[in-house]
Amino acid sequence: MYKRCGVDLELKILEKYWGYNKFRPLQRDIIISAIQGRDTLAILPTGGGKSVCFQIPALMKDGLCLVVSPLIALMKDQVENLRKRGINAIAVYSGMTTREVDIALDNAVFGNYKFLYLSPERLKSDIFRMRASKMNISYIVVDEAHCISQWGYDFRPEYLRINEIYEITGRKPILAFTATATPSVKADIAEKLALRQPNIITGSFERPNLSYIVRNTENKHSVLLKLANSSAGSGIVYVRERKKAEDIASFLVSQGFTAEAYHAGLSSEQRNNKQEKWMSGSVSIIVATNAFGMGIDKENVRFVCHFDLTESLEAYYQEAGRAGRDGERSFAVMLWNESDVRRLDNIARMTFPDEEYLSDIYQKVYRFFDIAYGDGKESVHRFNLVAFAKNYKLHALSAYYAIKYLESDGFMTLTEELNIPTRITFLVTREELYVIQLNQENLDSFIKLLLRLYQGVFSGYVSIDERVLARLLRNSTAAISSMLIRLSRMGVIGYLPGAKSPLIIFHRERLENRAFRINTTDYNKKKEAFEKRVDSVLSYVSLTSGCRSGILAEYFGQKEWQLCGSCDLCIKHKHLSSKKLFEQEIESKIFSYLKNKSATISDLQSYLDDFSEDYLDVLRDMAERGDVIVRGDIVSLR
């Protein structure tokens with residue numbers, strides 16, 4: 001689209017599409033690295049503006065930028081944002097029909113598109129690999145690149161196959177991005193992506209305007225209330241459970257705040273509505289599970305409160321970093337007590353169940369979908385964890401962690417919760433349909449509308465929107481669903497009702513019990529890495545001295561940092577230091593007063609009137625050290 005003709009071209013593109021007249025720190029360095037064709041690994045903390053760093057180079061170069069991202073919601077948001085700016089972008093992810101994927105990939109090959117967003121499991125699909133060879137790819141971008149490392153906090157085995165795409169597309173510049181990566185994770189990313197002499201660009205992990213506060217308390221509600229009362233802008237409260245999100249939001253509302261609960265149990269429409277109200281300021285506090293916040297850039301977030309301990313400092317740092325993006329003083333507050341420590345211990349045990357339990361869950365998941373031994377590879381199914389656990393009388397949370405471990409070992413993928421649209425296809429010929437329309441006059445206008453709105457409905461399943469149909473027919477969505485059911489029962493259409501559900505994707509055929517094995521070496525390494533991350537969180541909250549900002553910077557490999565002066569530990573140090581100076585001043589005055597005489601305690605008190613609240617403690621310390629002698633109420637130097 002653009003030919004580079006001057007050093008300021010990237011800034012002109014920034015101004016044209018994003019409306020900014022300057023780059024954030026390191027953005028330009030990353031953009032120049034990409035323009036030069038270098039493989040680049042960029043570690044930019046939350047709020048650093050990572051997406052612009054690959055979007056601008058892609059706009060400056062002919063071809064299609066391929067973006068691999070594990071988060072469907074984030075892909076959709078970025079595609080929508082690019083389209084709003086007049087930039088053609090498209091996404092392919094789990095939950096789309098084969099026809100929808102086919103159309104999207106054809107558009108990517110033959111249409112005037114600059115960005116194709118893909119979930120990692122789509123890279124290895126035959127339908128994509130056939131199209132990839134025809135694509136003029138400019139860059140391959142790997143977002144959330146820490147997911148490729150087994151030592152990262154969010155390992156996704158599908159990421160390990162990203163470099164296989166080079167065989168089809170040829171070597172293109174690789175741009176990898178993440179907000180958090182320890183030194184070992186950086187090295188692992190570079191190795192797994194086969195980066196060639198990578199230019200590793202790391203931003204500072206210090207946030208001078210963000211005060212990190214940790215409180216060990218049994219009364220978290222009280223601390224949260226004080227925090228909310230003292231904050232003028234918006235806030236985010238992170239919790240671990242959906243019910244807790246609802247409960248705390250209700251508590252805040254009862255205390256006079258505008259608050260909403262946000263979690264994956266809500267519909268997409270509900271989540272969007274709540275997010276929009278918070279973004280606009282009509283709701284001041286959002287109480288959310290970690291389903292909230294990715295890709296959001298809101299300026300006046302004055303606090304982020306973690307009501308529960310996170311399982312890693314990486315997750316904590318990312319979520320805490322959503323406060324203070326406008327550079328104003330903001331607070332990241334972590335609340336904890338011994339029950340949090342016990343919960344983390346329980347999670348550690350459940351996250352790594354024994355091989356016997358993993359084998360049992362493995363077989364039951366396949367059996368749940370009536371998949372025979374040797375079958376099921378690459379099949380996709382809607383998955384209801386509650387129904388699965390109830391069917392086999394399992395503890396739902398334990399089953400969930402077992403499935404997530406099987407995912408990390410490459411057996412299957414359990415996606416985030418998706419809103420899957422209703423899909424239909426006509427099972428009759430056009431001639432047969434015409435006869436049905438003549439005999440079913442009350443369905444005629446509905447069928448005509450379907451034919452007018454949805455192309456390809458005779459050749460395969462297409463997605464439809466009941467709300468659009470209801471609006472055009474001036475009817476209710478319930479009436480639309482009723483007509484679809486009727487047509488389905490008549491054998492006129494194939495009808496797949498929409499659903500809000502995660503998907504489970506099987507990457508391998510079902511194995512018999514004797515053939516199922518996990519890699520025990522990897523199992524032990526993953527378990528050790530997880531326990532190490534949990535220990536880092538517990539060490540962080542247990543600190544009694546130092547600087548929290550500096551501890552976080554060191555954790556991510558930053559060797560040089562400045563005392564922040566605003567975290568709870570720095571403030572405590574200031575108070576202790578000032579108190580020590582204050583006590584030294586009192587001691588000096590006592591020595592001066594008693595230099596050539598003894599004095600009564602009351603005389604000494606009158607002399608030290610300005611220090612009346614503290615002088616007795618200082619006098620007691622001096623007596624214990626033997627600096628003064630106290631006999632009755634008479635004080636003298638030794």
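This section describes helix packing, buried acidic residues and backbone conformation in a predicted model.

Residues are numbered from 1 along each chain as its sequence is written, and side-chain values use heavy atoms, with hydrogens and water left out. Because the model is predicted, local features need pLDDT of at least 70 and side-chain atom pairs count only at pLDDT 80 or more, whereas totals for chains, interfaces and linings use all residues. Helices (H or I, at least four residues) and strands (E, at least two) are DSSP runs, numbered from the N terminus.

Helix H12, spanning residues 313–320, is mostly covered, and eight of its eight residues are buried, where buried means under 20% relative accessible area, exposed over 50% and partly exposed in between (1.4 Å probe, protein chains only). The buried residues of H12 are Leu313, Glu314, Ala315, Tyr316, Tyr317, Gln318, Glu319 and Ala320. These buried residues pack against the strands E8 (210–216), E9 (234–238), E12 (301–306) and E13 (330–336), and also against the helices H21 and H22, contact being defined by heavy atoms within 4.5 Å.

The two helices that meet H12 also pack against each other: the axes of H21 (residues 520–542) and H22 (residues 548–555) come within 11 Å and cross at roughly 160°. Axes are lines fitted to C-alpha atoms, for helices over the stretch in contact, and angles run from 0 to 180 degrees between N-to-C directions. Angles under 35 degrees count as roughly parallel, over 145 as roughly antiparallel, 65 to 115 as roughly perpendicular and the rest as oblique; H21 and H22 are therefore roughly antiparallel to each other. In this pair, Arg533, Ser536, Tyr540 and Val541 of H21 meet Arg548, Ile551, Leu552 and Tyr555 of H22. By class, the residues of this contact divide into five nonpolar, one polar and two charged, with Ala, Val, Leu, Ile, Met, Phe, Trp, Tyr, Cys and Pro counted as nonpolar, Asp, Glu, Lys and Arg as charged, and the others, Gly among them, as polar.

Arg548, one of the H22 residues in that contact, is also the partner of Asp568, whose side chain makes a polar contact with the side chain of Arg548 at 2.6 Å. A polar contact is a pair of N or O atoms within 3.5 Å; within protein, one must be able to donate a hydrogen and the other to accept it, and residues adjacent in sequence count only if both atoms are side-chain atoms. Asp568 belongs to helix H23 (residues 568–593) and counts as buried because its relative accessibility is 13%. Apart from neighbours within four places in sequence, Asp568 is in contact with Tyr212, Ile213, Val214, Arg215 and Arg548.

A further helix pair is formed by H18 (residues 441–453) and H19 (residues 466–473), which pack at an angle of about 125° with their axes 11 Å apart and are therefore oblique to each other. Here Ser445, Phe446, Leu449, Leu450 and Leu453 of H18 meet Val468, Leu469, Leu472 and Leu473 of H19, and the contact has eight nonpolar, one polar and no charged residues.

Another acidic residue, Asp39, is found in the loop between helix H2 (27–35) and strand E1 (40–43) and, at 2% relative accessibility, counts as buried. The side chain of Asp39 reaches two backbone nitrogens, that of Ile174 at 3.0 Å and that of Arg196 at 2.8 Å. With neighbours within four places in sequence left aside, the contacts of Asp39 include Arg171, Lys172, Pro173, Ala194, Leu195 and Asn199. Helix H8 (residues 183–192) has Val185, Lys186, Asp188, Ile189 and Ala190 as its buried residues, and these pack against E1, strand E6 (174–178) and strand E7 (199–202).

Most residues other than glycine have a negative phi. Ala194, just after H8, takes a positive phi of about 55°. Leu26, in the loop between helix H1 (9–18) and H2, has a positive phi of about 75° although it is not a glycine, and is partly exposed, with a relative accessible area of 25%. Glu378 likewise has a positive phi, of about 65°, without being a glycine; Glu378 lies in the loop between helix H14 (355–368) and strand E14 (380–382) and, at 39% relative accessibility, counts as partly exposed.
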